[in-house]
Amino acid sequence: MSPTQWDLPVELCCRPMAFVTLTGLDVVYNAVHRAVWDAFCANRRADRVPISFKVLPGDHEYPKCRPKRTSYEWYIPKGILKTGWMNKHLNLVPALVVVFYELDWDEPQWKEKQSECATRVEIVRQSLQGRNTKVAVVLIQKKTPLPPGEDVIASERAAALCNACELSGKSLFVLPHTDHLVGYIIRLENAFYEHAQTYYYTEIRRVKSHKEFLNKTTHQLLFVRHQFKIAFFSELKQDTQNALKNYRTAYNLVHELRAHETNILEIKTMAGFINYKICRLCFQHNTPLDAIAQFRKHIDLCKKKIGSAELSFEHAAWMSKQFQAFGDLFDEAIKLGLTAIQTQNPGFYYQQAAYYAQERKQLAKSLCNHEASIMYPNPDPLETQTGVLDFYGQRSWRQGILSFDLSDPEKEKVGVLAIQLKERNVAHSEIIITLLSNAVAQFKKYKCPRMKSHLMVQMGEEYYYAKDYTKALKLLDYVMCDYRSEGWWTLLTSILTTALKCSYLMAQLKDYITYSLELLGRASTLKDDQKSRIEKNLINVLMNESPDPEPDCDIFAVKTAQKLWADRISLAGSNIFTIGVQDFVPFVQCKAKFHAPSFHVDVPVEFDIYLKADCPHPIRFSKLCVSFNNQEYNQFCVIEEASKANEVLENPTQGKMCLVPGKTRKLLFKFVAKTEDVGKKIEITSVDLALGNETGRCVVLNWQGGGGDAASSQEALQAARSFKRRPKLPDNEVHWDSIIIQASTMIISRVPNISVHLRHEPPALTNEMYCLVVTVQSHEKTQIRDVKLTAGLKPGQDANLTQKTHVTLHGTELCDESYPALLTDIPVGDLHPGEQLEKMLYVRCGTVGSRMFLVYVSYLINITAEEKEIVCKCHKDETVTIETVFPFDVAVKFVSTKFEHLERVYADIPFLLMTDLLSASPWALTVVSSELQLAPSMTTVDQLESQVDNVVLQTGESASECFCLRCPSLGNVEGGVATGHYIISWKRTSAMENIPVIRTVITLPHVIVENIPLHVNADLPSFGRVRESLPVKYHLQNKTDFVQDVEISVEPSDAFMFSGLKQIRLPAQAFYSYQYFCQATGSTHG
């Protein structure tokens, strides 16, 4: 039996399509015929009818039809289904034979051509003798035919040709060779498809007609056979519903057959075929649950039908193929649009197929372990005369024998031996790996990472059994990370053991060392004796000797590996192996911890390295190196102990580098940081621990950062969640879980020994030169030098504050926008112990609000640390928040000459501008002077002079001024008329004389000016006497361009008598006088 015996036949797996043969086409030498054939077979889209075309010669011999049986009374079937039956109806026996013939209706030699065409048809009929195959004729014509009924000659000749060929009118077709050839071909296909369906319908009727002759006593096999044929013909007819129904019936009939060891393989084979068809049609009908249910039923019915115990591996092979075939169907359905889910996808079926393939391998190993002296039988009992079996699932040495009793036990024994010897040559691992690979791809697609990892482990083990150690290591390495991260230590140990065997058998030094290191560690679940053996082998490798073979390895592979190890020893190569431990769990743990999160630059930096070994025996390391981000510190953190290679496991308690299992070793390191690293972070980038020496082989374990391996984070989390009380340890020992890695520290400047005091008088006033006195005093024991001062607005505040704040050391000049907000590195010289200095800063704040000011003092000082003199840069800073306020409030109002409030003024009429200056400063202010700058639209009545020169205002006091102004007529001005500016020059009363005066400019409000046509002005004395005359003169002025007449009337008053006209009418441009006689004292109104 060939290794592919269990593969399903191609004709079973393909989609059955109606078989139609085309004759009379010369596709090689005739271009027209070639075009016709290409139109039939090229670019067949899904919307075209399902037909399988084949070009054959007209005299092709088709399979002969057996004589029709009239009775089944004495007929005993020899099997269920012949091996060639499906192929015969798919590719050999056509449903329709089409005869192509070039003939136009107006052919001059019509009679001769008609006769030749009839002869060709007759030849085809003779070759199909006894078959129900349909025959049709297609006339290839050069001209496009006329519509039916218009060409009388064509109708007559078509009828004559049908009579001559004994064809019905529905079997004669015309194919014009024009530009629309594909369209005509598609119409022909549809007609051919109808003929083919008629043929398969007839065949179904023919097979069904046999049932009435059958009995269930001797014809059980025929019931299955006929039902399968009906279903298969239904598929060819594209009647998939009836096909599914008949396949289900056939499947039930198969399992009704009486099973015995002699026919169990045939029953299972046919059950597998029919099950495949049912599942395929269920997926095709988009009923996947039915397909799954059918497959489960199939497996439940067949999994116990093992057959011969000597050939039980065949049953495992058959089961594996069933699961694989269903997985393929499932996957194909998904590609066509079916949606699968995580818990129901093809991967599970490929996985189960791999499981049965592994079972097949184990059974074959136990059943086919014949001695080498046993030869393959001759003649071969598995060979047949034709090279193939007559019936599916039968044994080649007893084909057609249905008896349950073995007529020739010796022949049976030889046949079984031949199958076993053939099975021994099967590449089982290759089959298993292929199935596992398919399953992994599916689980990866449906995001099942654990299933994927589990199967990849199995793939790696199969590669190991197949002696492909490179691929085995690649797969096992890939999945180790997942099992480490999730803490599956038992599984990881199993994988590591296999990986160690692979690396030994390939003599891969670095891999062998790496896996040994991990198998000795805390993650390994090996027993101590196994760990001791691995530890001994590891030391042998470090001593440049060959390790002992790993247990359970293939003997021939071990011999090959020993030669490879001998070559490794003799070859001079690199003897130092650096292994990064962050991705695995070695037998040594490392943690680095700085004593503090920060160190002053004048204090030595101290940190501890904690080491702990988990191997079964004490072990000596040769060197420990700590590396930093600043490599200049590396030289201070090295411990090296000279030892010979054979002393690795000797003198376990001597020296710092000897680690006792379960005990924590603490190593202290210290060094002085460099002054240029102040403000920087010092990080431990790696810790290197060397095992062995350079004379033999040396393994350098490299921890990134401050230590920790692949299991450290998980262990730390478990320790943090644990409520278990730790036992008390001696003072010099610590619990490993309580050590927290701290791999970095900050270098900060030396603590300054100076005092910085700030003296000022808050709040600051807007735009004044605010004085801030800085006093620095040294309390150092030695002289400090290069003292520098940085002062001003603290960075990081609002950008608007930065633009409106200016700082200077010179208070005699007003700051403008060119001055900075922060003065940096102002040199102030050196200071002796106890000496102090003062520095005055002047700040000008252009806006109100809070500001934070910084005063930063830095200096250099020489100190001694760890007997080493260094220059330290120290600094101290002070911050102060200063509030800025307005120095005063200015109120402005417009009043008449009678001090009455005005909402608006009148053109050319004098009015008063009054200013009121109210001090808002908590400190006394001196108003040096004031100035009124009038706008061009305003004129003064009197001379403008300051009325508040050198006035001192205390908090809450105010100073007022009054100015008489006039506004000429300007017409109607929208928004009012500008008045001008009021400028106040001031300073703090307490400020020094050289501090400049501050000029504050107040923009005066606009005023609405109205024009009136008539001005009346009264000229009267400032006072009068009782019973004396009081002369009053009224001036009237016309402001218009026209002559105006006005009427004056005088209303009487109890306080006055007057002489003059009580009512008068006169021109507006005039004046008029009255004599008033006062009759009462006091302030009176006329």
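Modeller: In what follows, buried means under 20% relative accessible area, exposed means over 50%, and partly exposed lies in between, with a 1.4 Å probe and protein chains only. This is a predicted model, in which local features need pLDDT of at least 70 and side-chain atom pairs count only at pLDDT 80 or more, while totals for chains, interfaces and linings use all residues. Residues are numbered from 1 along each chain as its sequence is written, and side-chain values use heavy atoms, with hydrogens and water left out.

Biologist: Why is Lys670 called partly exposed?

Modeller: Lys670 has 38% relative accessibility, and because partly exposed covers what lies between under 20% and over 50%, Lys670 counts as partly exposed.

Biologist: What makes Glu606 and Lys670 a salt bridge?

Modeller: A salt bridge is a side-chain nitrogen of Lys or Arg within 4 Å of a carboxyl oxygen of Asp or Glu, and the closest N and O atoms of Glu606 and Lys670 are 3.2 Å apart. Glu606 lies in strand 9 (residues 605–613) and Lys670 in strand 14 (residues 664–671), so the pair ties together parts that are 64 residues apart in sequence.

Biologist: Why is Glu189 called buried or exposed?

Modeller: Glu189 counts as buried, because its relative accessibility is 1% and buried means under 20%. The side chain of Glu189 meets that of Arg48 in a salt bridge of 2.6 Å, N to O, and Arg48, with a relative accessible area of 10%, is buried.

Biologist: Which residues are linked with Arg48 in a network of salt bridges?

Modeller: Arg44 and Glu189 are linked with Arg48 in that network.

Terms used. Helix = DSSP H or I, 4+ residues; strand = E, 2+ residues; numbered from the N terminus.
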